[in-house]
Amino acid sequence: MEKEDTQTLLDKLVVKEIKTQSDYLADKIRNMIVSRELSDGFKFPNEVEFCKTLNVSRATLREAYKILATQGFIRIAKHGTYVKCRDDIARKGDFAASLELAETGEMQEFVCALEPAAVFLAAKRIDAAGLEKLENLLKVCEEAADNPKELLKKNYLFHACIREFADNTLITSALAAYYDIFNHQIIENIYSSHSHLDEFIANSLVQHRELFDAIKNHDAERARDIAYHHLRDDVEANELEGKAVPS
């Protein structure tokens, strides 16, 4: 590897953001809200007593509160600080908060609406270099058909590549924020527990090939339809597998 390439690689490791004690505290409180350990309307203790319990300064606690209030998780009032109603957080919080608190059905509807839209745009806008890159990823997926763990990684890259060539920052950013959740809750679950995994993989790879062909032909409507049915097959496979597991 050339010296210049090495430096470029190492530059990616530079820490651009250092978490403060307030950041860590805000993260912990947010996780407790998301996991429902702190219920809707929960009132936090008096600041002086709470700081003693947490062993932090009032400045640290107030900065953590400020972070959480900005994200829409808590409400700071004259008579105390409260956890906001989950519905309010999901509807009026920042996008990350909405994703964390959204119900599974809402998240599935979100990706099934937006991912095909990204595919539609990619089919219209992708160039020759993009098609070559996408085809290489398609082949890598097909070569990993007998290795589910490896295929899971390559499948992620294949779909990320399509979103890249949609060339719409808002759509791709929204999907990037969500896709990790979808990948973890749906795709990873299928690949780790599906009772007919070989059949599922075979069908998925056929859809990948059909999707690539539609994108290559710049047939945006067909590409969008294939993407939608591909996602729905993932969702339904996950639901069926869940029903098959004894309670």
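The following questions and answers cover a predicted model of a protein chain, its fold, its confidence, its internal spaces and a few single residues.

User: How many helices and strands does the protein chain have?

Analyst: From the N terminus on, the elements run α-α-α-α-β-β-α-α-α-α-α-α-α-α. The β elements thus stand between four helices and the helices that follow. The count is 12 helices and 2 strands.

User: Among contacts between residues at least 6 apart in sequence, what percentage joins residues at least 24 apart?

Analyst: Contact here means heavy atoms within 4.5 Å. One example of such a contact is Leu231 with Pro116, a pair 115 residues apart along the chain. For the protein chain, the share is 69%.

User: What percentage of the residues counts as buried?

Analyst: The accessible surface of the protein chain comes to about 14,800 Å², with 51% of it belonging to carbon and sulfur atoms. A residue counts as buried under 20% relative accessible area. Of the 247 residues, the buried share is 40%.

User: In which helix is confidence lowest, and in which is it highest?

Analyst: The mean pLDDT of the protein chain is 85, and 84% of its residues reach 70 or more. By element, the low end is a mean of 63, over residues 3-11, and the high end is 96, over residues 128-143. The lowest is helix α1 and the highest is helix α8.

User: Over which residues does pLDDT stay under 50?

Analyst: Where pLDDT is low, the predicted coordinates should not be read in detail. In the stretch in question, the model has 0 contacts beyond four places in sequence. The stretch is residues 243-247.

User: Which element gives the most to the lining of the largest cavity?

Analyst: The largest cavity has a volume of about 60 Å³, and its lining divides into 6 nonpolar, 2 polar and 2 charged residues. Elements that give two or more residues to this lining are α7 (104-125), α9 (148-164) and α12 (220-244). Among the lining residues are Ala227, His230, Leu231 and Asp234. With 4 residues, the element that gives the most is α12.

User: How much space lies in the second largest cavity?

Analyst: The lining consists of Asn155, Ile187, Tyr191, Phe200, Ser204, His230 and Asp234, of which His230 and Asp234 also line the largest cavity. At least two lining residues come from each of α10 (169-193), α11 (197-216) and α12. By class, the lining divides into 3 nonpolar, 3 polar and 1 charged. The space is about 30 Å³.

User: Which element supplies the largest share of the lining of the second largest pocket?

Analyst: This pocket has a volume of about 160 Å³. Of the 13 residues that line it, Pro45, Glu47, Tyr65, Gly80 and Thr81 are the closest to its centre, and the lining divides into 5 nonpolar, 4 polar and 4 charged residues. At least two residues come from each of α4 (58-71), β1 (74-77) and β2 (80-83). The largest share, 3 residues, comes from α4.

User: Is Leu231 buried or exposed?

Analyst: Leu231 is found in helix α12 and is one of the residues lining the largest cavity. Not counting residues up to four places away in sequence, Leu231 touches Val111, Cys112, Glu115, Pro116 and Phe182; the C-alpha atoms of Leu231 and Pro116 are separated by 8.8 Å. Because its relative accessibility is 4%, Leu231 counts as buried.

User: Where is Asn55 found, and is it buried or exposed?

Analyst: Asn55 is not a glycine, yet has a positive phi of about 60 degrees. Asn55 is found in the loop between α3 (47-54) and α4. The cut-off for exposed is over 50%. With 66% relative accessibility, Asn55 therefore counts as exposed.

User: What is the relative accessible area of Asp167?

Analyst: Asp167 lies in the loop between α9 and α10. Although Asp167 is not a glycine, its phi is positive, at about 55 degrees. Asp167 is exposed, and its relative accessible area is 63%.

Methods. Residues are numbered from 1 along each chain as its sequence is written. This is a predicted model: local features need pLDDT of at least 70, side-chain atom pairs count only at pLDDT 80 or more; totals for chains, interfaces and linings use all residues. Side-chain values use heavy atoms; hydrogens and water are left out. Buried means under 20% relative accessible area, exposed over 50%, partly exposed in between (1.4 Å probe, protein chains only). Accessible areas come from the Shrake-Rupley method with a 1.4 Å probe; for residues, only the protein chains shown count as cover. On a 1 Å grid over the protein atoms alone, a cavity is a set of points where a 1.4 Å probe fits but cannot get out, and a pocket is an open set with protein on both sides within 12 Å along at least five of seven lines; lining residues have an atom within 4 Å of a point. Grid points are joined across faces, edges and corners, and a volume is the space filled by probe spheres set on the points. Ala, Val, Leu, Ile, Met, Phe, Trp, Tyr, Cys and Pro count as nonpolar, Asp, Glu, Lys and Arg as charged, and the others, Gly among them, as polar. pLDDT is the predictor's confidence in each residue, from 0 to 100.
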